[in-house]
Amino acid sequence: MPEFRETTLSNGLRVAAEIDSRGYSAAFGYFVRAGSRNETDPQSGLSHFLEHMMFKGTATRTAADVNRQLDELGGQGNAYTTEEQTVYYATVLPKFQDRLIDLLTDMLSPALSDEDFETERNVILEEIAKYEDQPPFGAFERSMEIHYGPRGLGRRVLGTAESIREMTASRMRDYFLRMYRPDNLVLAASGNLDFDGLISQLEKQTAHWGERHLAVSNASAVDDASALPPGISLDQRLVVPEINQSYLVRISNGPSESSTDRYAARVLASIIGDEGGSRMFWDLIDTGRAEVATIWPHEFTDCGAWFTYLVCSPQDLHANRNLVDKIFEDIVNHGVTDEELTQTINKASAGIIMQSERPSNRLFGLGSRWLTSGKYLSTDDKLDRIKSISVDDVSNAAKDYFSDASYHEVVASKE
Amino acid sequence: MTILVQPMPWLRTAAFSLALRAGVDVESTSVSGLSGLVCEMVQRGAGSHSSRELVSIQDNLGMDRSSGVSTSTSNFGASMPAESLRKAIALYAEIVQNPHLPEEQLEDARLMSLQEIRANEDEPTHRVMQRLRQMHYGPVLGRSTHGTQDGIQSIKQSDVRSFFESYYQAAGSILAVAGNVDVDQVYQWVEESFGQWKTQPLSEIAAASGETGYEHLTSGSSQTHIGFSFDTIPYGHPEYFKMRAGIGILSDGMSSRLFDRVREQQGLCYTVTASCHSLKQHAGVFGYAGTTPERAQQTLDVTLDEVNHLTQGLTTAELERWQIRIQSLLIMEQESSASRASSIASDFYQVGRPITTQELESAIESLTVDQVRDYWLNHPPGDYRIVTLGPNRLSTPQDLK
């Protein structure tokens, strides 16, 4: 069985590891509590912009050195930013542990030069343009903006073209010092790794991180809540002239990371909207009425959301929406069956086991949970929780979340 | 039927990958999309099980499953806890040998296929790369695996039945199994389930008939989407890895030339890639870049310039980075039965024999930078096919008139 170990370094950096010496690889990642919800209007898009800048070099490495050395370790690595976190990670063969940690840790003291900032601004603008061309054409971001308001959790991770054009390198440096303090980070590791070696290396290499909070200037300005941030609109319809399908996103309140019914909610999501064998599958997908019809809960630290996602031809949207509502109504009134529950638990349990085989898969849950709650869940803990769910748990979750019709909806279509 | 089994006793899972010689290349043009529709129809009830029963059994076995068609094959696969494998093999034997092909569900399956076609049309990258594939391989081998609206609309129940009867058969099919399994036991299970499957002669594989040229699709998209391709050698060719290493140096990893020189140094785009794609006897290098219209011409020029000058300044360090990357991937493949089963099946289809991880490792390890340079000096990129989608047409190299 894998062994769990954790510690907090003298500078406040927390480390959590799930060690399994049978593995072929080891995965490592820095999890930073810096996401779009932490930003103000003038900082909109900064967490993500910073994520790009971490690959642009340090005091001792050029940008080319960083990218070259990552490749020299054969690492399958990358980074991503969400509403609540920025994550830098890589999976390598165990023999490369020391070199990878040296590199990842150094990357988190970025040079943030003006010249690189200007070049990377273009890459970010290209990334924004890329997503404008892709389904569902901004409907997810818009649904969050309407549901949570355009700030906090509703703030777009990439920012807007307007906010990125106005961004300055000095604002970024300030944000970096504020957010990348050691007590705001977790280093997580999973797989075949040397924990003691990891800790002693990190103690030395991150000693100077403790000075960051001293360097932060005054507190952030407060946004003017009476005005929309630049580049934001709250229309529920997104018109994309050339598209064939209609894309509907519905958002309502769901379980948070600490809600006791979050496992019941996941089972409920599978029974209603799983891609094969769910109620939505049989009514809408198997019949060819829709291309996509699914739901899922998205857990944030202190709250959560249910997303319903429907893709079909524009003329069928109204009828399909009624079918979706009917599915919600049925499950609220009549609950779920024993057979549905058993089938879902069997499928989910196998999924957990299969997922756990790769250290890289285990890393994200481990790091993210340790950052937000300081809790660890082993594969067996997860299996126990899924297997203990009862028909009543799921039926009650359905009543709690889908009885009233308070939700927001966004549709992207050609007219 | 070929059975290939790799025991991976350190895992808790097992996976299979079943490939039948029933791809889009054997469809007639008037029913383009038929192989995909048949792949869907066979899963709507088989043996003594209805469509819903099949799904329920698969879920209860904990199977994470996939299915789909490619140019020359129809593919079914799943990974699962190892103890489910025997029942899973028996179930898929029913699906490919004794499906109900329920006529009353043909309309539903047809609508499903049409949904996919419409959705793909909403993805500009997909449109560009699909059109490029047609130009590259020609009308038969370059066919969309999703078919065409007209083709899907024309399919009758008799077409479904006749495609099934002609192409769902033992000859040419490959079943690869990997995971925590006993080889002899797997052979025995497969014999029990597939032993009586009919065998018919295989049809010839069509020849590629692509053409060079440039095509622009006008669109009001935010970015200009650029696709390009040129001919290369397929996987299994004796010189394949010399060629592949060159493309790796160009595009694999964050220090690769395209990522470093087009994106990192110049900030021209977010995505820029090139990769190798192999059919049985033909192959291509396919590239893509997406960028806003005002930077599109420069992006195309700079990207093709990098491709054309691949042999300039090639270093041992570049090759070594690519070698370490592939070695790491091969070692990490040992952590996943699904990924191993799928590699075993596709290797066998391409090369006609199984290729062990050790064999691949030594082929890659023994490459030298001189071999890579010589290969590309003797086979320089050229005869480009280019497709763009966006507000404006671009200028392309002289030879594309």
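## A residue in strand 11 of chain A

A:Val410 is found in strand 11 of chain A, which covers residues 408-413. In this predicted model, A:Val410 counts as buried because it has 25 C-beta neighbours inside 10 Å. When residues up to four places away in sequence are not counted, A:Val410 touches A:Ala139, A:Arg142, A:Ser143, A:Ile146, A:Gln236, A:Leu238 and A:Val249. A:Asn244 is 166 residues apart from A:Val410 along the chain, and the C-alpha atoms of these two residues are separated by 17 Å.

## The sheet of chain A with strands 7 to 11

Strand 11 belongs to an open sheet of five strands in chain A, whose order is 7-11-8-10-9 and whose pairing is mixed. The edges are taken by strand 7 (237-239) and strand 9 (292-299) of chain A, each of which has a single partner strand, so one side of each is left without a neighbour in the sheet. On average, and with direction ignored, neighbouring strands of this sheet are turned by 15° against each other.

Strand 9 of chain A pairs with strand 10 (residues 304-312) of chain A in the antiparallel sense, over eight bridges, and within this pairing A:His298 has A:Ala305 of strand 10 as its bridge partner. Helix 11 of chain A, residues 317-334, lies across strand 8 (246-254), strand 9 and strand 10 of chain A, and runs at about 140° to strand 10 of chain A.

## Helices of chain A

Helix 9 (residues 262-273) of chain A and helix 12 of chain A have axes that come within 10 Å and cross at roughly 110°, which means that helix 9 of chain A is roughly perpendicular to helix 12 of chain A. Helix 9 of chain A contributes A:Val267, A:Ser270 and A:Ile271 to this contact, while helix 12 of chain A contributes A:Glu340, A:Leu341, A:Thr344, A:Ile345 and A:Ala348. Sorted by class, the contact of helix 9 with helix 12 of chain A has five nonpolar, two polar and one charged residues.

In helix 3 of chain A, residues 97-107, the buried residues are A:Gln97, A:Leu100, A:Ile101, A:Leu103, A:Leu104, A:Thr105 and A:Met107. Strand 3 (26-32), helix 2, strand 5 (86-92) and helix 8 (195-205) of chain A are among the elements that cover the buried residues of helix 3 of chain A.

## The sheet of chain B with strands 1 to 5

Chain B holds an open sheet of five strands in the order 1-5-2-4-3, again with mixed pairing. Its edge strands are strand 1 (2-7) and strand 3 (64-69) of chain B, each of which pairs on one side only, and neighbouring strands of this sheet are turned by 10° against each other on average, direction ignored. Strand 1 of chain B and strand 5 (residues 174-179) of chain B pair in the parallel sense over six bridges, with B:Ile174 of strand 5 as the bridge partner of B:Thr2.

Helices from both chains lie across strands of chain B. Helix 8 (residues 183-194) of chain B lies across strand 1 and strand 5 of chain B and runs at about 150° to strand 1 of chain B, whereas helix 12 (residues 338-355) of chain A lies across strand 2 (13-20), strand 3 and strand 4 of chain B, running at about 90° to strand 4 of chain B.

## Two helices of chain B

Helix 7 of chain B, residues 157-167, has B:Val160, B:Phe163 and B:Tyr167 as its buried residues. Seen down the axis of helix 7 of chain B, these buried residues fall within an arc of 70°, so they line one face of the helix. On the other side of helix 7 of chain B, B:Ser158, B:Glu165 and B:Ser166 are exposed, while the buried residues of helix 7 pack against strand 2, helix 1 (34-41) and helix 4 of chain B.

Helix 10 of chain B is largely enclosed by the rest of the structure, because six of its eight residues are buried. The buried residues of helix 10 of chain B are B:Arg257, B:Leu258, B:Phe259, B:Val262, B:Arg263 and B:Glu264, and they pack against helix 2 (63-72) and helix 4 (114-132) of chain A together with helix 9 (240-251), strand 8 (271-278) and helix 11 (293-308) of chain B.

## The contact between the chains

The contact takes 54 residues from chain B and 50 residues from chain A. On the side of chain B that touches chain A, the elements that give two or more residues are helix 2 (51-60), strand 4 (74-81), helix 4 (106-121), helix 10 (257-264), strand 9 (283-291) and helix 12 (316-332) of chain B. Helix 4 of chain B supplies the largest share of this side, ten residues. By class, the side of chain B that touches chain A has 16 nonpolar, 22 polar and 16 charged residues.

Technical notes
Residues are numbered from 1 along each chain as its sequence is written. Chains are lettered from A and ligands numbered from 1 in the order in which they are written. This is a predicted model: local features need pLDDT of at least 70, side-chain atom pairs count only at pLDDT 80 or more; totals for chains, interfaces and linings use all residues. Two residues are in contact if their C-beta atoms, placed from the backbone, lie within 7 Å. Helices (H or I, at least four residues) and strands (E, at least two) are DSSP runs, numbered from the N terminus. Ala, Val, Leu, Ile, Met, Phe, Trp, Tyr, Cys and Pro count as nonpolar, Asp, Glu, Lys and Arg as charged, and the others, Gly among them, as polar. Two strands pair if DSSP finds at least two bridges between them. Axes are lines fitted to C-alpha atoms, for helices over the stretch in contact, and angles run from 0 to 180 degrees between N-to-C directions. A residue is buried if 20 or more other C-beta atoms lie within 10 Å of its own, exposed if 12 or fewer, and partly exposed in between; C-beta atoms are placed from the backbone. The arc is that of the directions from the helix axis to the C-beta atoms. Angles under 35 degrees count as roughly parallel, over 145 as roughly antiparallel, 65 to 115 as roughly perpendicular and the rest as oblique.
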